[in-house]
Amino acid sequence: DAVAKGNFDTELPVIRMDTDIKHLRDSFVVMQNELSHYIADLRDTTEQKAILERDIYIAAKIQKGMMPHDYPSREDLDIHGVLIPAKVVGGDLLDFFIHDEKLIFCLGDVSGKGVPAALFMSATVHLFRSVGHQTEEPSQIVSSINDGLADGNDENMFCTLFVGVLDLK
């Protein structure tokens with residue numbers, strides 16, 4: 001009864017005679033050990049899953065923080081964007097900044113989904129911001145981003161990216 005209620009540490013009586021009851025008891029001991037190991041593994045897996053879910057939640061907050069939040073209040077420009085990832089984190093991206101009265105912007109989608117796409121998206125946005133402050137030529141921006149993303153890209157991930165420059169004057 002104790003084993004049936006989940007107390008797998010219950011000592012079963014020792015049976016000395018080689019009978020069907022002894023074989024049944026030995027089978028119960030094996031079952032107790034297997035269930036104890038299974039529950040311990042399940043507990044570990046549940047803890048690891050909780051840690052992973054927390055990490056993904058934090059990654060989603062970081063990714064959301066990378067997206068533009070402060071849209072300029074200007075008479076000559078009305079801009080806004082929203083990204084809703086297919087999973088908690090993802091590879092969609094948009095970014096922009098104004099430099100020397102030019103709106104430099106990008107819209108993109110990284111191959112794949114989830115955490116790998118989010119990491120690749122982060123690298124893409126970082127490269128866009130770095131390169132975009134050095135040149136206003138969309139072809140040069142895209143070429144430099146492509147070079148940066150290709151370096152060490154053993155997983156062959158890619159980003160479909162649209163880069164534009166709008167002269168606000």
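This report describes helices, cysteines, salt bridges and backbone angles in a predicted model.

## Helix 2 and its packing

Helix 2 covers residues 114-132, which makes 19 residues, and the distance from its first C-alpha to its last is 26 Å, close to the 27 Å expected at 1.5 Å a residue. The buried residues of helix 2 include the glycines Gly-114 and Gly-132 as well as Ala-117, Ala-118 and Thr-124. Also buried in this helix are Phe-120, Met-121, Val-125, Leu-127, Phe-128 and Val-131.

These buried residues pack against several other elements of the chain, namely helix 1, helix 3 (138-150), strand 1 (92-99), strand 2 (102-110) and strand 3 (159-167). Phe-128, one of the buried residues of helix 2, appears again below among the contacts of Cys-106.

## The two cysteines

The structure holds 0 disulfides. Cys-106 is in no disulfide, and the cysteine sulfur nearest to its own, that of Cys-159, is 7.7 Å away. Cys-159 is likewise in no disulfide, with the sulfur of Cys-106 as its nearest at 7.7 Å. Because a disulfide requires two cysteine sulfur atoms within 2.5 Å, the separation of 7.7 Å leaves Cys-106 outside any such bond. Both residues are buried: the relative accessibility of Cys-106 is 1%, while Cys-159 has a relative accessible area of 17%.

Cys-106 is found in strand 2. Apart from its neighbours within four places in sequence, Cys-106 is in contact with Leu-93, Leu-94 and Asp-95, with Phe-128, and with Leu-161, Phe-162 and Val-163. Cys-106 and Val-165 are 59 residues apart in sequence, yet their C-alpha atoms are 8.9 Å apart in space.

## A nonpolar patch on the surface

Ile-21, Leu-24, Phe-28 and Met-31 form a nonpolar patch on the surface, and together they have about 360 Å² of accessible area. Met-31, one of the residues of this patch, is placed in helix 1, which spans residues 20-66. With a relative accessibility of 33%, Met-31 counts as partly exposed.

## Salt bridges

Side chains of opposite charge can pair when their charged atoms come close. A search of the whole structure finds 8 salt bridges. One of them joins Asp-26 to Arg-25, where the closest N and O atoms are 3.4 Å apart, and Asp-26 counts as partly exposed at 28% relative accessibility. Lys-22 is linked with Arg-25 and Asp-26 in a network of salt bridges.

Asp-55 forms a salt bridge with Arg-54, and the closest N and O atoms of this pair are 3.0 Å apart. Both partners count as partly exposed, Asp-55 at 36% relative accessibility and Arg-54 at 46%. In another pair, the side chains of Arg-74 and Glu-101 meet in a salt bridge with an N to O distance of 2.8 Å. This pair links distant parts of the chain, since Arg-74 is in the loop between helix 1 and strand 1 and Glu-101 is in the loop between strand 1 and strand 2, 27 residues apart. Arg-74 is partly exposed at 25% relative accessibility, and Glu-101 is partly exposed at 32%.

## Positive phi angles in the loop between strand 1 and strand 2

Most residues other than glycine have a negative phi, and most peptide bonds are trans. Against that background, Asp-100 has a phi near 50°, a positive value in a residue other than glycine. Asp-100 is found in the loop between strand 1 and strand 2, and with a relative accessible area of 54% this residue is exposed.

Glu-101 has a phi near 60°, which is again a positive value in a residue other than glycine. Glu-101 lies in the loop between strand 1 and strand 2 and counts as partly exposed at 32% relative accessibility. The backbone angle of Glu-101 is thus positive, while its side chain meets that of Arg-74 in the salt bridge described above.

Technical notes. Residues are numbered from 1 along each chain as its sequence is written. This is a predicted model: local features need pLDDT of at least 70, side-chain atom pairs count only at pLDDT 80 or more; totals for chains, interfaces and linings use all residues. Side-chain values use heavy atoms; hydrogens and water are left out. Buried means under 20% relative accessible area, exposed over 50%, partly exposed in between (1.4 Å probe, protein chains only). Patches are made of residues with over 30% relative accessible area and no salt bridge: like charges are joined within 9 Å, nonpolar side chains (Val, Leu, Ile, Met, Phe, Trp, Tyr) within 5 Å. Accessible areas come from the Shrake-Rupley method with a 1.4 Å probe; for residues, only the protein chains shown count as cover. A salt bridge is a side-chain nitrogen of Lys or Arg within 4 Å of a carboxyl oxygen of Asp or Glu. Helices (H or I, at least four residues) and strands (E, at least two) are DSSP runs, numbered from the N terminus. The expected span of a helix is 1.5 Å times one less than its number of residues. Contact means heavy atoms within 4.5 Å.
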